[in-house]
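Visitor: I would like a close look at one helix in this model and then at the features elsewhere in the chain that can be checked against it. Please take the helix first and keep the account plain.

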Amino acid sequence: MSEHEPRTSAPSSPMTMADLDFTPIREKYELREEFPAEVESAAKNAKDAFAGSRVDARDLAFVTIDPPGSKDLDQAVLIERGTEAGETGFTLHYAIADVGAFVAPGSPIDVEARERGETIYLPDGNVPLHPRILTEDVASLVAGQDRPAVLWQLECDDTGALTRARVRRATIQVRERLDYVTLQSSVDRGEPLPESVTLLPEFGALREALGRTRGAVELQLPEQDLHFDEGSWHLRLEPRTQMDGWNAECSLATGFAAARMMLAGRVGLLRTLPAPDEETVAQFFRAARALGIEPDGAQSPGELLSTLDPAHPSTMALNSAATRLLRGSGYLAFEGEPENGKTWHAGVASEYAHATAPIRRLGDRFVSEVCLSFDADWVELRDHSLQLQGEVPKAILEALPELPGLLQQSGQRAGAVANEAINLAEAVALQDRVGQEFDAGLLRAGDGDHHAEIFVFDPPVIAQCRGDVPVGEQARVRLVEADAATRKVRFAYPA
């Protein structure tokens, strides 16, 4: 059941932040935490199908980095100086939970996972993609336990650019469980990091610089979430930290390598995003100037965003405007030569695949199985004529065409659930404050069809606002609606 059980109240009593109830959201989207009996039974009896053919990698000092309290641990990391060939640079060892060892295509667990698509997260718990005995126990990369893993080893040169990669099934043992907050605090205080991730700041910063050079767009919007503390829920902002970005670069690098291998093998599943047209990019730079932000020689939106203070209202507004650059994301399943121009992901400015979260996301398991099927040891990623051979299991090939639709649908559902949970909390937090004034900043200007979108600083709320909210400066707005039943919050300007 949920980690935080909502407290019941009389039907006539208004909901409070202490008794937020997300049950109606679960019901609206038909979210079922429990699994059919045959799925639970299959998970309980699942065994590692590749137990006898794994590389023993328990000598590698892996650690996990996750939010505090996480139980579905998909990834473990170790970064070393130098490469196996004795060259300078880095070797990223990235171990991914081997869900495919327990979930065969067409099995009851797989059929149910295709219905769900991904783990859905709500403030009071999650609705998992797979039964918890897998996601939080036998498949999760729990510290101190031998665990089956898909082991990626990525070699990079001194600039952080990928040079070689290999992927194998392995047995690993995570040494220590780490969390973002503690690691970021160590960085902020200038304290040494654990040896396994001592190089993460250097490696991550190099990878980020390469992304900016490629033209990647990394949004710097803080994450709005709900935190349960002292008997009540609280809206808060979680700013994106350096540690978040550096750790994400390890996952991105693995996704780049997986995409490169699948394209070389002419079969796979890519995450895609079309490049924005010239007018959309021009609109972004016009928005920057309207906010008082001069490009100062920035050649791409990503370069400009990376130079700005993420906490400033004008930066938040520009980051919100930049979401127009990232529209149209999807998935591409292919067998043979993919259609020209359809393989690109403009957000990361590269071909890319989701490969590192198979516990939480359906498609990643299939990406791993495709990459593992190629007859290759170390793969030269700089070889643009690279071709890989192998025999992808028939069941994987048959599943690929339906995955883009399933993943697109589940992603939209997950986003809608998260938004509705926040909208409910915003409405409840403000329901007794209609008519009051608040300090806010513009996120997106209104047009003929839509009101402006604003960010209220305290409590941290994103909502629509009537009126011509000023650009690039703090504004005083008035709350005109906060309805918990409809989960709607509206403001007006001028106050």
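Guide: What follows starts with helix α5 and then moves to a second helix, some backbone details and the salt bridges. The model is predicted.

Helix α5 runs over residues 180-188, and its buried residues are Tyr180, Leu183, Gln184 and Ser186. These four lie on the same side of α5, because the arc they cover around the axis is only 155°. Val181 and Asp188, on the other side of α5, are exposed. The buried residues have three packing partners: β2 (63-66), β9 (176-179) and α7 (242-265).

Both ends of α5 have a local detail to look at. At the start of α5, aspartate 179 places a side-chain oxygen within 3.1 Å of the backbone nitrogen of valine 181. Valine 181 is also one of the exposed residues named above. Just after α5 comes glycine 190, with a positive phi of about 75°.

Helix α8 can be read in the same order. It covers residues 278-290, 13 residues in number, and at 1.5 Å a residue it should span 18 Å; the end C-alpha atoms are 18 Å apart, so the expected span and the model agree. Thr280, Phe284, Phe285 and Ala288 are the buried residues of α8. They are on the same side of α8, because their arc around the axis is only 140°. Glu278 and Ala290 are exposed on the other side of α8. The packing partners of the buried residues are α9 (301-306) and α10 (313-322). Glycine 292 follows α8 and has a positive phi, near 80°.

A positive phi also turns up at residues that are not glycine. Glutamate 30 is one of these, with a phi of about 55°. Glutamate 30 sits in the loop between α1 (23-28) and α2 (37-44). Its relative accessibility is 69%, so glutamate 30 counts as exposed. Arginine 266 is not a glycine either, and its phi is positive at about 60°. Arginine 266 belongs to the loop between α7 and β12 (267-272); α7 is also one of the elements that the buried residues of α5 pack against. With 42% relative accessibility, arginine 266 counts as partly exposed.

Cis peptide bonds are the next backbone detail. One joins aspartate 458 to proline 459, with omega about -5°. Proline 459 is in the loop between β18 (452-456) and β19 (461-466). Another cis bond runs from tyrosine 493 to proline 494, and its omega is near 0°. Proline 494 is in the segment after β21 (488-492).

The salt bridges come last. The whole structure holds 35 of them. One pairs aspartate 98 with arginine 169, with the closest N and O atoms 2.7 Å apart. This pair links distant parts of the chain, 71 residues apart: aspartate 98 is in the loop between β4 (90-97) and α3 (108-116), while arginine 169 is in strand β8 (residues 162-173). Aspartate 98 and arginine 169 are both buried. They also belong to a network of salt bridges that links Asp48, Arg54, Asp98, Arg169 and Glu369.

A second salt bridge is formed by the side chains of aspartate 137 and arginine 147, at 3.4 Å from N to O. Aspartate 137 lies in helix α4 (residues 132-138) and arginine 147 in strand β7 (residues 146-156), 10 residues apart. Aspartate 137 is partly exposed, with a relative accessible area of 36%. Arginine 147 counts as buried, at 11% relative accessibility.

A third salt bridge brings together the side chains of arginine 476 and aspartate 439, with an N to O distance of 2.9 Å. Arginine 476 is in strand β20 (residues 475-483) and aspartate 439 in strand β17 (residues 437-444), so this pair ties together parts that are 37 residues apart in sequence. Arginine 476 is partly exposed, with a relative accessible area of 38%. Aspartate 439 is partly exposed too, with a relative accessible area of 32%.

Conventions
Residues numbered from 1 in each chain as written. Predicted model: local features only at pLDDT ≥ 70, side-chain atom pairs only at ≥ 80, totals over all residues. Heavy atoms only, no water. Buried < 20%, exposed > 50% of the residue type's maximum accessible area, 1.4 Å probe, protein only. Helix = DSSP H or I, 4+ residues; strand = E, 2+ residues; numbered from the N terminus. Arc of directions from axis to C-beta. Contact = heavy atoms within 4.5 Å. Polar contact = N/O pair within 3.5 Å; in protein donor to acceptor, adjacent residues only side chain to side chain. Expected span 1.5 Å × (residues − 1). Salt bridge = Lys/Arg side-chain N within 4 Å of Asp/Glu carboxyl O.
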